[in-house]
Amino acid sequence: DDEGRILTNAHVVEGARNVTVTYADGTEQDAKILAADASIDLAVLDVGSVPPGAKPLPLGESARLTVGDPVVAIGNPLGFEQTATTGIISALKRQICSPNESIIANAIQTDAAINKGNSGGPLLDSAGRLIGVNTAIYSPSGASAGIGFAIPVDEVNRIVPIVFVIAGVLS
């Protein structure tokens, strides 16, 4: 957001002592982990202030999604930075396991290529709005098998204010 808070997956920052955020132009900033919850696989980072030119993604509405809608997944799969892949929404309201084996309900299933390194990146609709946070793949081999999952933005909007309140209480 405009205040320097960044959403990612909890498993991306799990066990990290130092976190660095790299922007599309190569600018790097140290980040503080404000909150992380493995049961919903979300973490909120704080970089303090956003560099000039960096803008938050506009938010979409995952409740309006339908199977077959086009999507774009952005991330750093297998170390290849700033990669975008396209696909469609394959299914909605999937249940997946979080890193601590809790159930994450209402996940978006996509066939956009999601691999290790896409976690925490955005899943966008055709208008470039955030509709989900890429979080998991189903893959016996560990590589994209065309079955990826994202936490829907409506769930994020419901959960993140709670995370901010908890982070405020803990600090």
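Two strands are said to pair if DSSP finds at least two bridges between them, and by that rule strand β9 (residues 130–137) and strand β10 (residues 148–152), with their five bridges, form an antiparallel pair. Keep this rule in mind as you move through the structure, which is a predicted model.

**The whole chain**

Begin with the entire protein chain selected, and colour it by secondary structure, so that its two helices and 10 strands can be picked out. Followed from the N terminus, the elements come in the order β-α-β-β-β-β-β-β-β-β-β-α. Of the 171 residues in the protein chain, 39% are buried, and the chain exposes about 9,300 Å², of which carbon and sulfur atoms supply 53%. If you consider the contacts between residues at least 6 apart in sequence, 56% of them join residues at least 24 apart.

**The open sheet**

Next, select the four strands that form an open sheet, which are arranged in the order β1-β4-β3-β2 with antiparallel pairing. At the edges you will find β1 (5–8) and β2 (19–22), each of which pairs on one side only. From one strand to the next, the twist averages 40°. Now narrow the selection to β1 and strand β4 (residues 42–46), an antiparallel pair held over four bridges, and look for I6, which stands opposite L45 in β4.

**The barrel**

Turn now to the six strands that make a closed barrel, and follow them around as β5-β6-β7-β10-β9-β8, with antiparallel pairing. Direction ignored, neighbouring strands of this sheet are turned by 50° against each other on average. The pair from the opening, β9 and β10, belongs to this barrel, and there A136 can be found opposite F149 in β10.

Strand β5 (residues 70–75) deserves a selection of its own, with side chains shown. In a regular strand the side chains alternate between the two faces of the sheet. Which residues of β5 point to the buried face? They are V71, A73 and G75, whereas P70, V72 and I74 point to the other face and are not buried. On one side, β5 is joined by six bridges to strand β6 (residues 83–97), running antiparallel, and T85 in β6 is the bridge partner of A73. β5 is also joined, by three bridges and again in the antiparallel sense, to strand β8 (residues 122–125), where D125 stands opposite V71.

**The nonpolar cores**

Keep V71 and A73 selected and add L65, I89, I108, A112, I114, L123, I131 and A150, because these 10 residues together form the largest nonpolar core, a set of buried residues joined through side-chain atoms within 4.5 Å. If neighbours within four places in sequence are left aside, A73 is in contact with T83, A84, T85, A112, I114, P122, L123 and N134. Another core, of nine residues, lies apart from the largest one, and among its members are I40, L42, V133 and F149.

One member of the largest core, I114, is worth centring in the view, as it is found in the loop between β7 (103–110) and β8. Why does I114 count as buried? Its relative accessible area is 3%, and buried means under 20%. From I114, draw a distance to T135: the two are 21 residues apart in sequence and 8.9 Å apart in space, C-alpha to C-alpha.

**Two loop residues**

For the last stops, select N9, whose place is in the loop between β1 and α1 (10–13). Is N9 buried or exposed? With 0% relative accessibility, N9 counts as buried. A polar atom of the side chain of N9 lies 2.5 Å from the backbone nitrogen of G120. Beyond its neighbours within four places in sequence, N9 is in contact with D41, L42, A43, S119, G120, V133, N134, T135 and I151.

Finally, move to P99, which lies in the loop between β6 and β7. P99 has a relative accessible area of 41% and is partly exposed. Again leaving aside neighbours within four places in sequence, P99 is in contact with H11, A38 and D41. A final distance to draw runs from P99 to A136, which are 37 residues apart in sequence and 9.6 Å apart in space, C-alpha to C-alpha.

Key: Residues numbered from 1 in each chain as written. Predicted model: local features only at pLDDT ≥ 70, side-chain atom pairs only at ≥ 80, totals over all residues. Heavy atoms only, no water. Buried < 20%, exposed > 50% of the residue type's maximum accessible area, 1.4 Å probe, protein only. Contact = heavy atoms within 4.5 Å. Areas by Shrake-Rupley, 256 points an atom, 1.4 Å probe, with all protein chains shown as cover. Axes fitted to C-alpha atoms, helices over the stretch in contact; angles between N-to-C directions. Polar contact = N/O pair within 3.5 Å; in protein donor to acceptor, adjacent residues only side chain to side chain.
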